[in-house]
Amino acid sequence: MPHAEDPTLQDASQELPGLNALTREWLISVGEDPNREGLLRTPHRVAKAWQHLTAGYRETLADVVGAGVFAAEGSEMVIVKDIEFYSMCEHHMLPFYGRAHIAYIPSRKILGLSKFARIVDLYSRRLQVQERITTQVADAVQELLEPRGVAVFMEGIHLCMAMRGVQKQNSSTTTSAMRGLFRSDVRTRAEFMSAVQGTLRGR
């Protein structure tokens, strides 16, 4: 009679190498028993989850954009609002999450709208700080489209502040990056900021 396959070895190809064993050691370090029934599959689940949470390390801007760049048909401001993001703080490896808003003023090229969400995911799915994601998204749009201006505004809730340390559950962090006309023209910047009012904490 063939032996049943060990459930802890299933879907191993979807795990980050080494994290299964490291998670077992982590469980022992915090005083748990990795052989307890409820934890038998935990190392596998953690390794599989982190495969997803850190997918941004294994993708490039070209991968996520593909053939999504097109010739421009106008030069008016384009705003993509309320893009959800989830990331892991590089200081405590705890989650932070929120919404991103991206605007640009086309010059010669435009980008398929769904690609903005993919760009946010590309940089969010790494160990990060919110300030860096904001800058990376702005620089990516600038590199892809060479527009007349780019603006990125992000608001996030950081569990490293809510769960530990100062334990302020109602705090949020906003970051912004402005390029081109959004930096040099006060009216253009004000139009964008007015359009994205009512962000995560204002709902």
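This is a short dialogue on reading the cysteines and the sheet of a predicted model.

Student: What should I know about the model before I start?

Tutor: It is predicted, so to speak, with filters: local features need pLDDT of at least 70, side-chain atom pairs count only at pLDDT 80 or more, and totals for chains, interfaces and linings use all residues. Residues are numbered from 1 along each chain as its sequence is written, and side-chain values use heavy atoms, leaving out hydrogens and water.

Student: How many disulfides does the structure hold?

Tutor: A disulfide is a pair of cysteine sulfur atoms within 2.5 Å. Here there are zero.

Student: Why is there no bond between Cys89 and Cys160?

Tutor: Their sulfurs are 4.2 Å apart, which is too far for a bond.

Student: Are those two cysteines buried or exposed?

Tutor: Buried means under 20% relative accessible area, exposed over 50%, and partly exposed in between (1.4 Å probe, protein chains only). Cys89 is buried at 4%, and Cys160 is buried at 12%.

Student: What is the strand order of the open sheet?

Tutor: Strands of a sheet pair through backbone hydrogen bonds, either parallel or antiparallel. Strands are DSSP E runs of at least two residues, helices are H or I runs of at least four, and both are numbered from the N terminus. Two strands pair if DSSP finds at least two bridges between them. The five strands here run S5-S2-S3-S6-S7, with mixed pairing. At the edges, S5 (127–128) and S7 (173–180) each pair on one side only.

Student: How many bridges join S3 and S6?

Tutor: Ten, in the antiparallel sense, between residues 95–105 and 149–158. Tyr104, for example, has Val150 in S6 as its bridge partner.
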